[in-house]
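Have the sequence and the 3D view open side by side for this one. We'll walk through a sheet, the helices on it, and one strand elsewhere in the fold.

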Amino acid sequence: MTDFANFSSPVAEALELALGRLDVRNAHTLLEGFEGTGLAGPRRENLARKLLAAIRLVSGNSRALSILGVAREALPVPLSGIWPFVQVEQLRLALIATRKQGGSFRTGLRLQAVDGRAIHVTFVAWREREDEDTLSFGLLDITEQIAAQDELLRLHAQIAHADRLSTLGVMTATIAHEVRQPLAAMMTSAQAGLRWLRRHPADLAQVESCLETIALGATKANDTVAKLRTMASNRDHDLERCDVGVIIEETAAFLRQELASRQASLSLDIAIGLPPVSADRVQLRQVLTNLMVNAAQAMADAQCWSRTLKVRARRGDGFVIVDVEDSGPGVAERDRDRLFEGFFTTKETGLGLGLRVCRAIIVGHGGTLEHLSKASAGSIFRFTLPYAARDTASADEI
């Protein structure tokens, strides 16, 4: 057997190369047995175990022996105590690839060190000189890198799981927030309808009006849920040419009972001949409902003696501009920069999602949503929507 002194050179030690040599003289006959026909199942497994037992680790430098957990005085040791049985195929391929001088083989392995440690290595084997009975090898210990990769994968899995939970929570909260408003309007209308029905004589015209509002609220709640499902599945908006003025009037009619219950008076100022916009009707109504109900709630919560809600729509430079203005207490200066943050709210029972969702909808339509402070009490929330494509040229001429 060739001495191992050349593997313990100063260069090998300085570079911390893990080098060693295997005695494979008893493996040649066994290796030929794998090439026999009909070798499968228990017979092949038995031959693989014999191959591992026949090959011995006979020498190695200090780095290689340290990685494998083998004491120098214990040499030689059978490879069966180091090389895992499930990876015996890599050993067979290494022997085949290195039959000829100059042949080499490289693979990744998970070895079992003699002292019980699981180690991950890159294994490189080659044949030196004309010696067919020995196989030289080098090891690169990548245990720490594999552990780091596994930890990174674990963290990625945790982050993905947390992200799924967060998304689920946001969607649940959003659905609760968006459906709550039409439900509140329906409840208000139902209570009003009962009062009109119990009068003597019953005012059936008012009851009919309340029932129409309830039916409209149910439709809008269903549309909102359907729209949220569309948003969750990342499908495109159902854009169509819309008359913003008509949508404002429809939303105002729907919220009539809700606003009345908060003693808020509503005035509409819609410019004549507004150019149509390209928008999703359901989402646009959702934005208006949020802004108008928020304004009414702010005035009621502050117990303002004057509760005036104004909605204005007018032409802009390529945009329709809509203002929702209230006479409430306004927004504290310290809170203005956070109004559109998720889960930020100044309400005791608020979720802090309404304005964030509204801005996302408007931005998705190519517009903007911002808060404007008034010189007097109150707030203005202004959003813009670009004219529908066919009206851009005519609008620019105005």
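Here is a short tour, starting with some ground rules.

## Ground rules

This is a predicted model, so local features need pLDDT of at least 70 and side-chain atom pairs count only at pLDDT 80 or more, while totals for chains, interfaces and linings use all residues. Residues are numbered from 1 along each chain as its sequence is written, and side-chain values use heavy atoms, with hydrogens and water left out.

Helices (DSSP runs of H or I, at least four residues) and strands (runs of E, at least two) are numbered from the N terminus. Two strands pair if DSSP finds at least two bridges between them.

## The five-stranded sheet

Follow the order β8-β10-β11-β13-β12 and you have crossed an open sheet of five strands with mixed pairing. Its edges are β8 (265-270) and β12 (369-373), each of which pairs on one side only. From one strand to the next, the twist averages 15°.

At the β12 end, that edge strand pairs with β13 (residues 379-386) in the antiparallel sense, over five bridges. One pair to look for: serine 373 has serine 379 of β13 as its bridge partner.

## Helices across the sheet

Two helices to pick out here are α8 and α10. Helix α8 (residues 244-254) lies across β8, β10 (308-315), β11 (319-326) and β13, and runs at about 170° to β8. Helix α10 (residues 281-301) lies across β8, β10, β11, β12 and β13, at about 175° to β13. Those angles run from 0 to 180 degrees between N-to-C directions, with axes fitted to C-alpha atoms (for helices, over the stretch in contact).

Now zoom in on alanine 296, which sits in α10. It counts as buried because its relative accessibility is 0%; buried means under 20% relative accessible area, exposed over 50%, and partly exposed in between (1.4 Å probe, protein chains only). Leaving out residues up to four places away in sequence, alanine 296 touches Leu259, Arg262 and Ala264, where contact means heavy atoms within 4.5 Å. Threonine 308 is 12 residues from alanine 296 along the chain, and their C-alpha atoms are separated by 8.4 Å.

## Strand β6 and its partners

How many of the eight residues of β6 are buried? Six of them are, so this strand (residues 134-141) is largely enclosed by the rest of the structure.

Strand β1 (residues 18-23) runs antiparallel to β6 and is joined to it by six bridges; in that pairing, alanine 18 has leucine 139 of β6 as its bridge partner. Strand β5 (residues 118-126) also pairs with β6 in the antiparallel sense over six bridges, and here valine 124 is matched with glycine 138 of β6.
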